[in-house]
Amino acid sequence: MRYADGGGLTTEQRKRREEIRMQAVDLFEERVKVPRIARELRVSGKSVYQWRRAWKAGGREAPRSKGAPGYDCRLGPHLQARLAAWLDEGPAAHGWTDDQVWTATRVRTLIGRKFHISYSVSGVTRLLHRMGYSVQMPARPAAERDEDAIAAWREATWQEVKPLGQRPARSSASRTKRA
């Protein structure tokens, strides 16, 4: 499953979870039993045991959220703004004159040229998604598309190669009783 900010929970969800953990800490200090805390806070007993272990080892602040998991983005907000401006200029402004399409590979190359930072193609895709970009389909069909040839293929070739619409024979899952 993918999450909003690229891993884990949104900031609001993380804050809500932290509030629940701090309520658990208050109950630990009152010496309330773990099963009761789990019921009251509607969380698993395993989570409460983990929080209690962290609380005993590190005090009241230990169960607090450590922030979003994973590495920080290598392009900070100011660099992402510069990248967005370059993307708005279009591919031709950066040397790709054959078509006006940004691909993840091209954006990866642009990041490498401008910032001297290496990204994988999938990393660029995730970065662009976090920046609010999405996969786009062309607004109009390709100029090379031949509707007459497509219709002719559907009438002739497709009728020959399409699978038959036969139903499977009756069968039985019983070893002793045949269908």
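## Arg36 and Glu40 in helix H2

Glu40, with a relative accessibility of 42%, counts as partly exposed, and in this predicted model its side chain meets that of Arg36 in a salt bridge, with a distance of 2.8 Å from N to O. Arg36 is likewise partly exposed, its relative accessible area being 44%. Both residues belong to helix H2, which covers residues 34–41, and because they stand four residues apart there, about one helical turn separates Arg36 from Glu40.

## Arg16 and Glu19 in helix H1

A salt bridge also joins the side chains of Arg16 and Glu19, where the distance from N to O is 3.6 Å. These two residues lie in helix H1, made of residues 11–29, and since they are three residues apart, the separation between Arg16 and Glu19 is about one helical turn.

Arg16 has a relative accessible area of 46% and is therefore partly exposed, and Glu19, at 37%, is partly exposed as well.

## A link between distant parts of the chain

Another salt bridge is formed by Arg64 with Glu18, and here the closest N and O atoms are 2.7 Å apart. This pair connects distant parts of the chain, for Glu18 sits in helix H1 while Arg64 sits in the loop between helix H3 (45–58) and helix H4 (77–89), the two being 46 residues apart. The two partners fall into separate classes of accessibility: Glu18 counts as buried at 19% relative accessibility, because buried means under 20%, whereas Arg64, at 30%, counts as partly exposed.

## The network and the overall count

The contact between Arg64 and Glu18 belongs to a wider arrangement, in which salt bridges that share partners join Glu18, Glu61 and Arg64 into one network. For the model, the count of salt bridges comes to nine, and among them are the pairs Arg16 with Glu19, Arg64 with Glu18 and Arg36 with Glu40.

## A nonpolar patch on the surface

Besides these charged pairs, the model has a nonpolar surface patch of about 320 Å², which is made by Trp153, Trp158 and Val161. Val161, one of the residues that make this patch, lies in helix H8, which comprises residues 157–161. Its relative accessibility is 54%, so Val161 counts as exposed, given that the exposed class begins over 50%.

Key:
Residues are numbered from 1 along each chain as its sequence is written. This is a predicted model: local features need pLDDT of at least 70, side-chain atom pairs count only at pLDDT 80 or more; totals for chains, interfaces and linings use all residues. Side-chain values use heavy atoms; hydrogens and water are left out. Patches are made of residues with over 30% relative accessible area and no salt bridge: like charges are joined within 9 Å, nonpolar side chains (Val, Leu, Ile, Met, Phe, Trp, Tyr) within 5 Å. Accessible areas come from the Shrake-Rupley method with a 1.4 Å probe; for residues, only the protein chains shown count as cover. A salt bridge is a side-chain nitrogen of Lys or Arg within 4 Å of a carboxyl oxygen of Asp or Glu. Buried means under 20% relative accessible area, exposed over 50%, partly exposed in between (1.4 Å probe, protein chains only).
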